[in-house]
Amino acid sequence: MNLMQYLNPKDPNQSAALYDEDLLTWAQVLADVQDLIKSLPKRVYVINACSNRYHFFVGFLAAIHNRCITLLPANHLPKTLENLSVNYPDVVCLNDQNDLYNDIPVLSCCYNGKLTAESHYVQLAAPAIEAEICIAFTSGTTGEPKPYTKTWQSLITIAKHTNQRLALDYEEATVVATVPPQHMFGLEASIMLPWQGGYLLDAQVPFYPGDIIERLKEISGTCVLVSTPAHLGILVKSVSAAPKIECVISATAPLAHGLSEEIEQNFTTRLLEIYGSTETGTLATRWTTKSNTWFALPGIKLISQDQEIINVHANYFASPMILDDELKLFDAHSFEFLRRSNDLIKVGGKRASLLALNDALCSIDGVEEGVFYQPNSVLNITARLVVFVVASNHSDETIRAALRCKVEAVFLPRSVIFLKKLPKNKLGKIPQKMLKKLWGDFLAEKNR
Amino acid sequence: MSSTALEQEVASLLVSALNLEVLPDEISLDMPLFQDEGLGLDSIDALELALAISKQYGVEIKSEDAENKQIFTNLRSLTKHIQQHRTC
């Protein structure tokens, strides 16, 4: 494989990105990379915290050119950065909002995003196929976030194969994304895909439905919308039509039943769903309204071991990866998604181990026992957690306050339900069925 | 509608749209909505809240609004924004 074709464009005058209203050429991008390299301290690691997607892209390319590894932590809270700098001390934090990063205990470098003269631009130095480009971290709730290294080979292979699945006829499509580029799905679908597929990368990160529709209207030509079930669910409820979306790509959680049809009908589009994880990257895709079956990307094999554990093989994994989810395998390349492993719950695209959350709850002083529960929300988009707890000297507020120091905000319980004891079966386990009943009773009582 | 009546109505909307475990009366005008020491809402709540506000008052929230961070500061600022921009 000739790597150069994936790195620098054949024609520097080819369009690369949309920066507000400006259409930027590759010459401009590469000139900006060259300019940033002058001011970016050369460290082994770069935390790229730029919120503008174009700024992130320039920083990402500069890091690749400098042979630096980009770190992708689950968030950029001062505490997270501080912890990260313990294991990765030779690090610089690149950001485009300097005021937010005055207090961090990490060397920081502000990128002002000013476009430079495009006459002199750098040719990117090609990384080796096995070169480590970035390290993604799983969210982690109480435990240490776990690092997953992504090689150049894995990133370009996934981008190429996702692009083939997308089968776009349009050369000048713009990729608009509601997800931040620091998220693994965001990096793959909103940075690597437009870069390697030759589409325009949109600098903005529209968030509210109004932002998304306005951005789509501003862009001339075809758009690909990269988003999540949470955003898409709210978007469908907010507007009845959307302009020019050739294709919607959704990931981070399975789409609620019916939502995929609604999206395709209301927005006159096609919806491609992506199955993957921070650990593995994209593994499979499906056209959700056509089929329940997921098809693995070329080169990926799923092999079941002992009927339970599923190993994923790909030539870019150092060793097979173990999947957390339960799948029904049809063969090594296609499957139906059954459920997430019991231990994993997801809220708003963030993942946590139920075991770790329960540990955090039970480690609070005065809590005798307690358990987290995720009710099925009516909308099934943003199902928040609740806790059942035995703790006579606590109130809702003291439980939440104690948890706040231990778990991320999205996992904080919306309801704290106090019990005299937790329901247990003969094996001493707390069956989900009983929690579901308790939750039903609680709601009935509340609404009476 | 007087601003007090609207404040009560928006507080009720907050509770019902976000399925909060507080009573509308318990949300004071100056309680921060999105910080840990207040209601502790997060970005998913922001999306749901924006939807509820546009349905009920015809006010569309956009992140590029210069005052966006201020709008969501507390119940007072949110009500003021709705009062100034409501279309229904």
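This is a guided tour of a predicted model, moving from whole chains to single elements and ring pairs.

**The two chains as wholes**

Begin by selecting chain A, whose secondary structure comes to 12 helices and 25 strands. The radius of gyration of this chain is 23 Å, close to the 22 Å that the globule rule gives for 448 residues, so chain A is as compact as a globular protein of that length. If you align the view to the principal axes, the C-alpha atoms of chain A fill a box of roughly 75 × 50 × 45 Å. Colouring by accessibility will show that buried residues make up 56% of the 448 residues in chain A, while the accessible surface comes to about 19900 Å², with 50% of it belonging to carbon and sulfur atoms. Among the contacts in chain A between residues at least 6 apart in sequence, 62% join residues at least 24 apart.

Now switch to chain B, which has 4 helices and 0 strands and follows the pattern α-α-α-α along its sequence. Of its 88 residues, 45% are buried, and its accessible surface comes to about 4500 Å², of which carbon and sulfur atoms hold 48%. For contacts in chain B between residues at least 6 apart in sequence, the share that joins residues at least 24 apart is 58%.

**Strand β3 and its two partners**

Return to chain A and select strand β3, residues 45–48, with side chains shown: Tyr45(A) and Ile47(A) point one way, Val46(A) and Asn48(A) point the other way, and all are buried. Add strand β4, residues 69–72, which pairs with β3(A) in the parallel sense over 3 bridges; here Ile47(A) stands opposite Leu71(A). Tracing the chain from β3(A) to β4(A) takes you through helix α3, residues 53–65, in a β-α-β crossover that is right-handed. Next add strand β5, residues 91–95, which also pairs with β3(A) in the parallel sense, over 4 bridges, and in this pairing Tyr45(A) stands opposite Val91(A).

**Helices α7 and α8**

Select helix α7 of chain A, residues 209–218, which is mostly covered, with 7 of its 10 residues buried; among them are Ile212(A), Ile213(A), Arg215(A) and Leu216(A). Helix α8 of chain A, residues 229–238, is mostly covered as well, with 8 of its 10 residues buried, including His231(A), Leu232(A), Ile234(A) and Leu235(A). What do the buried residues of α8(A) pack against? Within chain A they pack against α7, β11 (223–227), β12 (245–250) and α9 (259–266), and from chain B they meet α2 (43–57), so keep both chains displayed for this view.

**Aromatic rings**

Finally, show the aromatic side chains: the structure holds 16 aromatic pairs over all chains. In one of these, the rings of Trp439(A) and Phe442(A) have their centres 5.4 Å apart and their planes at 20 degrees, so the pair is stacked. Both residues lie in helix α12 of chain A, residues 432–447, where they are 3 residues apart, about one turn of the helix. An α-helix has 3.6 residues a turn, so residues three or four places apart point the same way. Trp439(A) is buried, with a relative accessible area of 12%, whereas Phe442(A), at 22%, counts as partly exposed. For a last selection, take Trp26(A), Phe57(A), Trp152(A) and Trp195(A), which ring pairs link into a cluster.

Technical notes. Residues are numbered from 1 along each chain as its sequence is written. Chains are lettered from A and ligands numbered from 1 in the order in which they are written. This is a predicted model: local features need pLDDT of at least 70, side-chain atom pairs count only at pLDDT 80 or more; totals for chains, interfaces and linings use all residues. Side-chain values use heavy atoms; hydrogens and water are left out. Buried means under 20% relative accessible area, exposed over 50%, partly exposed in between (1.4 Å probe, protein chains only). Helices (H or I, at least four residues) and strands (E, at least two) are DSSP runs, numbered from the N terminus. Two strands pair if DSSP finds at least two bridges between them. A crossover is right-handed if, with the strands pointing away from the viewer, the path from the first strand over the helix to the second runs clockwise. Rings of Phe, Tyr and Trp (its six-membered ring) pair if their centres lie within 6.5 Å; planes under 30 degrees apart count as stacked, over 60 as edge-to-face and the rest as tilted. Contact means heavy atoms within 4.5 Å. The radius of gyration is taken over C-alpha atoms; the globule rule is 2.2 Å times the number of residues to the power 0.38. Accessible areas come from the Shrake-Rupley method with a 1.4 Å probe; for residues, only the protein chains shown count as cover.
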